[in-house]
Amino acid sequence: MRLPTLIALLPLLAALAAQAATVRLMFERDDDVASNELVFRSHASLDDLANNVIAEPDRISPINIAGSFSTTGLTWDGQQFVLMFERDDDVASNELVFRTHASFDDLAGNVISGPDRISPINIAANFSTTGLTWDGQQYVLMFERDDDVASNELIFRTYASFDDLANNLPSAPDRISPINIAANFSTRGLSWDGQQYVLMFERDDDVAINELVFRTYADFDDLAGNLPSAPDRISPINIAANFSTTGLAFEWTADPPPQPVPAPASLALAVLALLAATATPVARRVSRRRGRA
Ligand SMILES: [Ca+2]
Ligand SMILES: [Ca+2]
Ligand SMILES: [Ca+2]
Ligand SMILES: [Ca+2]
């Protein structure tokens, strides 16, 4: 393979490598207490998440969340976790707070990597944030209407960087999804898994089984247009009665972080075949190019 050809394929190779991820599911206590308010569960893949196959023991964070705030999102941006808090009451400014953690251990241990960032955002009185993800190119912030209606229940806002997110400087006009969310469900998380968006719904009422639903979208336009890429997946999970999910994050192991580059299966297979044919030299070149900056 010629070097220019290989360079052209690097974004695709990164996208393929990005499929390796650990799924982090966040739960928050429904009542305000003084410690241990978040729990993190890990799954090895989307399949395991949807089947509630757990990869390791749950981690309980010692965090004490302020009585007037709740977590509403979690994402891994390739270098850090970003944890999002929203004020429980509607006010006219400063309604979101973002906290960063350098690793999953730090997230689970509430070890903070920098000062909290307070966004000046004024969230519409009839909406609340329900998800946050970095998709390889931008942050996507999700809002859901507080009341159940028959259409247009989600809004997506994009930001080019973490600073823009924290300062509420959107990169484009908001996108309104035509989605009609079932009356007894609410969105609870949004994540980019390296190839696609994963939208998480939780039942509003506590039951004993099947409390989470996962829907996938191939790209941002499909997410905003509510054009799913596959049938919904229903997890058999029984969530503890005094907890609710508040975030979903696929922690990529790829370095650099994945980019949302279209990767048709046939092309991906062709790339793998080429790599197999020239395994040793290609591996060395890719290794150098993917080293940390
Ligand atoms: Ca608290
Ligand atoms: Ca407001
Ligand atoms: Ca609805
Ligand atoms: Ca339950």
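What percentage of the contacts in the protein chain with a separation of 6 or more is accounted for by residues 24 or more positions apart? In this predicted model, such residues account for 55% of those contacts, where two residues are in contact if their C-beta atoms, placed from the backbone, lie within 7 Å. Residues are numbered from 1 along each chain as its sequence is written, while chains are lettered from A and ligands numbered from 1 in the order in which they are written. Because the model is predicted, local features need pLDDT of at least 70 and side-chain atom pairs count only at pLDDT 80 or more, whereas totals for chains, interfaces and linings use all residues.

The mean pLDDT of the protein chain, that is, the predictor's confidence in each residue on a scale from 0 to 100, is 87, and 80% of the residues reach 70 or more. Over residues 262-293 the pLDDT is below 50, and this stretch has 19 contacts in the model beyond near neighbours in sequence. The protein chain contains 7 helices and 16 strands, taken as DSSP runs (H or I over at least four residues for helices, E over at least two for strands) and numbered from the N terminus. Of its 293 residues, 35% count as buried; a residue is buried if 20 or more other C-beta atoms lie within 10 Å of its own, exposed if 12 or fewer, and partly exposed in between, with C-beta atoms placed from the backbone.

An open sheet is formed by 4 strands in the order S4-S5-S6-S7, with antiparallel pairing; two strands pair if DSSP finds at least two bridges between them. Strand S4 (69-76) and strand S7 (117-119) each have a single partner strand and stand at the edges, so one side of each is left without a neighbour in the sheet. Neighbouring strands of this sheet are turned by 25° against each other on average, direction ignored, the angles being taken between axes fitted as lines to C-alpha atoms (for helices over the stretch in contact) and running from 0 to 180 degrees between N-to-C directions.

Within this sheet, S4 pairs with strand S5 (residues 81-87) in the antiparallel sense over 7 bridges. Phe69 has Arg87 of S5 as its bridge partner, and Leu74 is likewise bridged to Leu83 in S5. The two strands form a hairpin with 4 residues between them, and Gly78 in the turn has a positive phi of about 100°. On its other pairing, S5 is joined by 6 bridges to strand S6 (residues 96-101), again running antiparallel, and Glu86 stands opposite Leu96 in S6. Since 6 of the 7 residues of S5 are buried, this strand is largely enclosed by the rest of the structure.

In soluble globular proteins, nonpolar side chains tend to be buried together. The largest nonpolar core (a set of buried Ala, Val, Leu, Ile, Met, Phe, Trp, Tyr and Cys residues joined through C-beta atoms within 7 Å) has 49 residues, of which Leu74 and Met84 touch the most other members. Leaving aside residues up to four places away in sequence, Leu74 touches Arg24, Met26, Phe81, Leu83, Met84, Leu132, Gly247, Leu248 and Ala249.

A further set of antiparallel pairings involves strand S9 (residues 139-145), which is largely enclosed by the rest of the structure because 6 of its 7 residues are buried. Strand S8 (residues 127-134) is joined to S9 by 7 bridges, and the bridge partner of Gly131 in S9 is Met142. In the S8 and S9 hairpin, with 4 residues between the strands, Gly136 takes a positive phi near 95°. S9 also pairs with strand S10 (residues 154-159) over 6 bridges in the antiparallel sense, with Val140 standing opposite Thr158 in S10.

Most residues other than glycine have a negative phi, and most peptide bonds are trans. Asn152, in the loop between S9 and S10, is not a glycine yet has a positive phi of about 55°, and it counts as partly exposed, with 13 C-beta neighbours inside 10 Å. Asn36, located in the loop between strand S1 (21-29) and strand S2 (38-43), also has a positive phi of about 55° without being a glycine, and its 13 C-beta neighbours inside 10 Å make it partly exposed. Pro57, in strand S3 (residues 56-61), is exposed, with 8 other C-beta atoms within 10 Å. Pro57 and Ser42 lie 15 residues apart in sequence and 7.8 Å apart in space, C-alpha to C-alpha.
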